[in-house]
Amino acid sequence: MGKSKRMGPIADLARESERAAAKALGQALKQVEEAEQQLQQLLEYQADYQRRLSESASQGMNAQTLLEYREFITKLGLAIEQQEQVVARARSELGERKRYWFAKRGRSKALDAVLDKYIKDEQKALERREQLEHDDRNNRPRSG
């Protein structure tokens with residue numbers, strides 16, 4: 001069995017591992033995008049709520065309503081902080097997935113290069129054997 005035949009399955013496994021890492025990278029990217037979108041929604045909601053508070057306060061409001069607005073804005077602030085942590089963790093995971101995929105991609109590319117070299121070497125060896133056999137046949141004395 002030639003080197004390329006032995007190396008083929010190993011290169012196939014490396015490519016499959018690279019594909020799995022790419023899929024995980026895609027999922028991590030999606031999680032970052034979703035977390036950032038949720039954070040953006042919270043920020044917009046907070047800004048809208050603060051705008052409504054300002055409008056209502058300028059028109060006059062009782063102390064209880066003002067207190068409720070401020071409590072809700074504080075809760076929104078906490079939710080935003082928590083979502084920022086979710087975004088940070090998602091970005092960190094994305095970075096790890098990206099490094100992992102690069103490593104798998106590098107290994108896959110390296111094994112493919114080795115496999116290609118083995119195939120070319122085997123092809124050259126085959127061509128040399130065929131040429132020698134052809135030369136042998138042409139150099140034999142012909143009986144006639």
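Aspartate 135 is partly exposed in this predicted model, its relative accessible area being 31%. The residue sits in helix α2, which covers residues 63–139. Aspartate 135 also belongs to a patch of negative charge on the surface, where it gathers with Glu127, Glu130, Glu133 and Asp136. Patch members need over 30% relative accessible area and no salt bridge; with its 31%, aspartate 135 therefore meets the area requirement.

Positive charge has a surface patch as well. Lys120, Lys124, Arg128 and Arg129 come together there. Of these residues, arginine 128 can serve as an example for the reader. Arginine 128 is placed in helix α2, and its relative accessibility is 52%. Because exposed means over 50%, arginine 128 counts as exposed.

Turning to helix α1, this element runs over residues 3–59 and includes arginine 15. With 22% relative accessibility, arginine 15 counts as partly exposed. Beyond the residues up to four places away in sequence, arginine 15 touches Ser108 and Asp112. Arginine 91 provides another point of reference: arginine 15 and arginine 91 are separated by 76 residues in sequence, and their C-alpha atoms are 25 Å apart in space.

Serine 4 is likewise found in helix α1. Is serine 4 buried or exposed? Its relative accessible area is 12%, and since buried means under 20%, serine 4 is buried. Once neighbours within four places in sequence are left aside, serine 4 is in contact with four named residues: Leu115, Tyr118, Ile119 and Glu122.

Charged side chains also meet one another in pairs. Side chains of opposite charge can pair when their charged atoms come close. How many salt bridges does a search of the whole structure find? The search finds nine. Three of them are described here, beginning with one that involves a residue already introduced.

Aspartate 12 and arginine 15 join their side chains in a salt bridge, with an N to O distance of 2.2 Å. The two residues are three residues apart in helix α1, so about one helical turn separates them. Aspartate 12 is partly exposed, at a relative accessible area of 42%, and its partner arginine 15 counts as partly exposed at 22%.

Further along the chain, glutamate 55 forms a salt bridge with arginine 51, and the closest N and O atoms of the pair lie 3.0 Å apart. Here the spacing is four residues in helix α1, so glutamate 55 and arginine 51 are about one helical turn apart. For glutamate 55 the relative accessible area is 40%, which makes this residue partly exposed. Arginine 51 counts as partly exposed too, at 42% relative accessibility.

Helix α2 supplies the next example. Arginine 97 and glutamate 93 meet through their side chains in a salt bridge of 2.8 Å, N to O. These partners are four residues apart in helix α2, and about one helical turn therefore lies between them. Arginine 97 has 32% relative accessibility and counts as partly exposed; glutamate 93, at 27%, counts as partly exposed as well. Salt bridges can also be linked through shared partners: in this way Asp48, Arg51, Arg52 and Glu55 are joined into one network.

Notes:
Residues are numbered from 1 along each chain as its sequence is written. This is a predicted model: local features need pLDDT of at least 70, side-chain atom pairs count only at pLDDT 80 or more; totals for chains, interfaces and linings use all residues. Side-chain values use heavy atoms; hydrogens and water are left out. Patches are made of residues with over 30% relative accessible area and no salt bridge: like charges are joined within 9 Å, nonpolar side chains (Val, Leu, Ile, Met, Phe, Trp, Tyr) within 5 Å. Accessible areas come from the Shrake-Rupley method with a 1.4 Å probe; for residues, only the protein chains shown count as cover. A salt bridge is a side-chain nitrogen of Lys or Arg within 4 Å of a carboxyl oxygen of Asp or Glu. Lys and Arg count as positive and Asp and Glu as negative; His and the chain ends are not counted. The place of a charge is taken as NZ of Lys, CZ of Arg, CG of Asp or CD of Glu. Buried means under 20% relative accessible area, exposed over 50%, partly exposed in between (1.4 Å probe, protein chains only). Contact means heavy atoms within 4.5 Å.
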